[in-house]
Amino acid sequence: MTADSEHQFWYNMRTGKVEQGPQSQSIDRVGPFATELEASHALQKLRANSAKWAEDDARDER
């Protein structure tokens, strides 16, 4: 683990908890995020990105 990654945050999809530094397996976490607050909103960010991509795909199919 690099020194920089120790100061970043991840959201653990399995546990629903924020972790500082990559503590769990990569398959279970998303990130990195600069702050704990950003990581705690990871699901909202993922949903928003997914909705935007779906809109972009629908627009491209026209």
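Colleague: In which helix do K52 and D56 both lie?

Modeller: In this predicted model, K52 and D56 are four residues apart, about one turn of the helix. Their side chains form a salt bridge, with the closest N and O atoms 3.0 Å apart. The element that holds both residues spans residues 42–60 and is helix α3.

Colleague: Which residue meets D56 in a salt bridge with an N to O distance of 2.5 Å?

Modeller: The partner is three residues apart from D56 in helix α3, and the two are therefore separated by about one helical turn. A salt bridge requires a side-chain nitrogen of Lys or Arg within 4 Å of a carboxyl oxygen of Asp or Glu, and the separation here is 2.5 Å. The residue is R59.

Colleague: Which residues are linked in a network of salt bridges?

Modeller: D56 pairs with K52, and D56 also pairs with R59. K52 has a relative accessible area of 46% and is partly exposed; R59, at 48%, also counts as partly exposed. The linked residues are K52, D56 and R59.

Colleague: Is D28, which forms a salt bridge with R14, buried or exposed?

Modeller: The closest N and O atoms of D28 and R14 are 3.3 Å apart. The pair links distant parts of the chain, 14 residues apart: D28 is in the loop between β2 (18–20) and β3 (29–33), and R14 is in the loop between β1 (9–12) and β2. R14 is exposed, with a relative accessible area of 59%. Because the limit for burial is under 20% relative accessible area and D28 has 16%, D28 counts as buried.

Colleague: What pattern does the protein chain follow when read along the sequence?

Modeller: The protein chain has three helices and three strands. Read from the start of the sequence, their order is α-β-β-β-α-α.

Colleague: What radius of gyration does the protein chain have?

Modeller: The C-alpha trace spans about 45 × 25 × 20 Å along its principal axes. Buried residues make up 19% of the 62 residues. A compact globule of 62 residues would have a radius of gyration near 11 Å, but the value for the protein chain is 14 Å.

Colleague: How far apart are the mean positions of the positive and negative charges?

Modeller: The protein chain carries 8 positive and 11 negative charges. Its accessible surface comes to about 4,800 Å², of which 50% belongs to carbon and sulfur atoms. The separation between the mean positions of the two sets of charges is 4 Å.

Definitions and conventions: Residues are numbered from 1 along each chain as its sequence is written. This is a predicted model: local features need pLDDT of at least 70, side-chain atom pairs count only at pLDDT 80 or more; totals for chains, interfaces and linings use all residues. Side-chain values use heavy atoms; hydrogens and water are left out. The radius of gyration is taken over C-alpha atoms; the globule rule is 2.2 Å times the number of residues to the power 0.38. Buried means under 20% relative accessible area, exposed over 50%, partly exposed in between (1.4 Å probe, protein chains only). Accessible areas come from the Shrake-Rupley method with a 1.4 Å probe; for residues, only the protein chains shown count as cover. Lys and Arg count as positive and Asp and Glu as negative; His and the chain ends are not counted. The place of a charge is taken as NZ of Lys, CZ of Arg, CG of Asp or CD of Glu.
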